[in-house]
There are 2 protein chains.
Amino acid sequence: MRRRDRHDDDLELFELLANLEEIAEATRIPALLCRLLEIYGLKSVAYLGSGLAAQPGQGPYLAVTYSDDWVDHYKAQRFVDVDPAVQIGMRRMLPIDWDTFDRRDKNVRRLFGEAAEFGLGRRGISLPVHGQHGDRALVSITSDASDRDWRHLRLYYMRDFQMLALHMHQAILRLEGQRVETASLSPRERECLLWVAEGKTAWETAIILGLSEHTVRCYLESARHKLGAANNTHAVNKAGKASLLSQIP
Amino acid sequence: MRRRDRHDDDLELFELLANLEEIAEATRIPALLCRLLEIYGLKSVAYLGSGLAAQPGQGPYLAVTYSDDWVDHYKAQRFVDVDPAVQIGMRRMLPIDWDTFDRRDKNVRRLFGEAAEFGLGRRGISLPVHGQHGDRALVSITSDASDRDWRHLRLYYMRDFQMLALHMHQAILRLEGQRVETASLSPRERECLLWVAEGKTAWETAIILGLSEHTVRCYLESARHKLGAANNTHAVNKAGKASLLSQIP
DNA sequence: CGTAAATCCGGCAGATACACCGGATTTAGG
DNA sequence: CCTAAATCCGGTGTATCTGCCGGATTTACG
């Protein structure tokens, strides 16, 4: 990968971040990913977003630099069920080096073997991103760096792409329109919802909070109305995604 | 702040990250924060974690470098209700520069005025961290850098502390023991929970999935059992926090 | 000094959830 | 081949939720 002067790369990173904040059309994303390839000397960059639409049944959001052939093949072979980058990466908080994956599984070896044939690098990192509303993303990069280079490079990649992944996710959320309904709950409404979310009944919640059961029902009702929720379950889910249940108020 | 040679700082960053992964006692956290002060030439570093314990009613987790006096005063004055770093920062995804806060509010000006008296820097950044289970954190740093220096420094601070904040949160989660009950739901169970979370009744869910209402009830029941949940609301909440409702798998 | 919002309380009818009972076939893996 | 798990279906009694009716005081704000 021929990493250029460090300071130049830093400036380029900050420029990229600024670009991501200004980007106005989702169609520009792939071109921006390709710029990443050049700047960082990578073999591939991929963004996989999940839970962006707030409605279930929606497919994941995908933006990649590699060929459609590989994407089609990946989908046809249902590699997503096997791919440790997705299965493990999506369930982590910290970035992960693909070298740490267990390749004893036959299917996993086949996946990485065929990936190489389609032009992906031998080395890879996946960086998980966690949004505020249950939305998630995984930014994966691959490289063909030598073993010796890779040990150092991956740290720098992790650092820069930690920011890039976050800003990328933010940009895509902005463009793909995650509706952010902001309702404000009163402290009591929030408390009641909090305990209902823990599986307590209205009666139990009343005991816990030292209220009458009827009062708890009233708070839950007004909370449902504020949130536009069909029932308590829906209200808990909506309030949770709107981070209204965090105890920080 | 006299930033030293860039490469040295980079190595120090990676060393700090390694330290965070190895840290075995929560009592070591403050000392590590103090090392950050020295290395980066900051006035203060603070970690505020929320939702770590999975049970409501638990207070936030706090680790700071500034004096107990300021913490006590902050709590006594209920500054948390006013503090834009917390109120805005905790509801964002990207880091935020304190310069962008609206200081027209009388209480906000008083907060920052008194903060300076207690030894916090005039400049500040807050970096939000989002965990997998609804847990959150806010890492805030302050500096007394000059206006000219600050414009550049904050970008480098944001980059390094993006990683540091994430690793810090991971370390504290590991130490403060967030129990991660792992139940595995079948695809159908997950689908049913997903629609119930959207406020659908069992009957509506049955229509949507093309099943009988009774079958949906059965899936919900087994899901509740697997998750150890008292009712559907609890199950949705638990499954959501265990990231079992993401449509990826 | 109104007004709005938050905090509280009671009751009732119908819809829904929940637990526990029973049955079936298909599929994956040891 | 056997077992476990996943996929499906039906019924019943009781607990709980939900919506809608009525009331009250306190607090904050302009």
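Which N or O atom lies 2.7 Å from a phosphate oxygen of DNA strand D? The atom belongs to the side chain of B:Arg188, and the paragraphs below lead from this contact through the rest of a predicted model. Local features need pLDDT of at least 70 and side-chain atom pairs count only at pLDDT 80 or more, whereas totals for chains, interfaces and linings use all residues. Residues are numbered from 1 along each chain as its sequence is written, chains are lettered from A and ligands numbered from 1 in the order in which they are written, and side-chain values use heavy atoms, with hydrogens and water left out.

Around DNA strand D there are 18 residues, of which the closest are A:Asn231, A:Asn232, B:Ser186, B:Ser212 and B:His214; a residue is near a strand if one of its heavy atoms lies within 4 Å of it. Among the atoms of DNA strand D within 4 Å of the protein, 63% belong to sugar or phosphate, and the rest to bases. A phosphate oxygen of this strand lies 2.5 Å from a polar side-chain atom of B:Ser186, and a polar side-chain atom of B:Thr215 lies 2.7 Å from a phosphate oxygen of DNA strand D. Helix H9 (213–227) of chain A, helix H7 (187–197) of chain B and helix H9 (213–227) of chain B each supply at least two residues of the surface near DNA strand D, where helices are DSSP runs (H or I, at least four residues) and strands are DSSP runs (E, at least two), numbered from the N terminus. The largest share, five residues, comes from H9(B).

DNA strand C is likewise surrounded by 18 residues, and the closest are A:Ser186, A:Arg188, A:His214, A:Thr215 and B:Asn232. A polar backbone atom of A:Ser212 is 2.7 Å from a phosphate oxygen of DNA strand C, while an N or O atom in the side chain of A:Thr215 is 2.6 Å from a phosphate oxygen of that strand. Chain B takes part as well, with an N or O atom in the side chain of B:Arg217 lying 3.5 Å from a phosphate oxygen of DNA strand C. The elements that give two or more residues to this surface are H7 and H9 of chain A together with H9 of chain B, and the largest share, five residues, comes from H9(A).

The two protein chains also meet each other, in a contact (heavy atoms within 4.5 Å) that takes 60 residues from chain A and 59 residues from chain B. Between them the chains bury about 5,300 Å², 59% of it on carbon and sulfur atoms, the buried area being the accessible area (1.4 Å probe) that two parts lose on being put together, summed over both. Four salt bridges are found across the interface, each a side-chain nitrogen of Lys or Arg within 4 Å of a carboxyl oxygen of Asp or Glu, and the side chains of B:Asp10 and A:Arg159 meet in a salt bridge with an N to O distance of 2.7 Å. On the side of chain A that touches chain B, H6(A) gives the most, with twelve residues.

Helix H6 of chain A also holds both A:Tyr157 and A:Phe161, which lie four residues apart, about one turn of the helix.

Terms used:
Polar contact = N/O pair within 3.5 Å; in protein donor to acceptor, adjacent residues only side chain to side chain.
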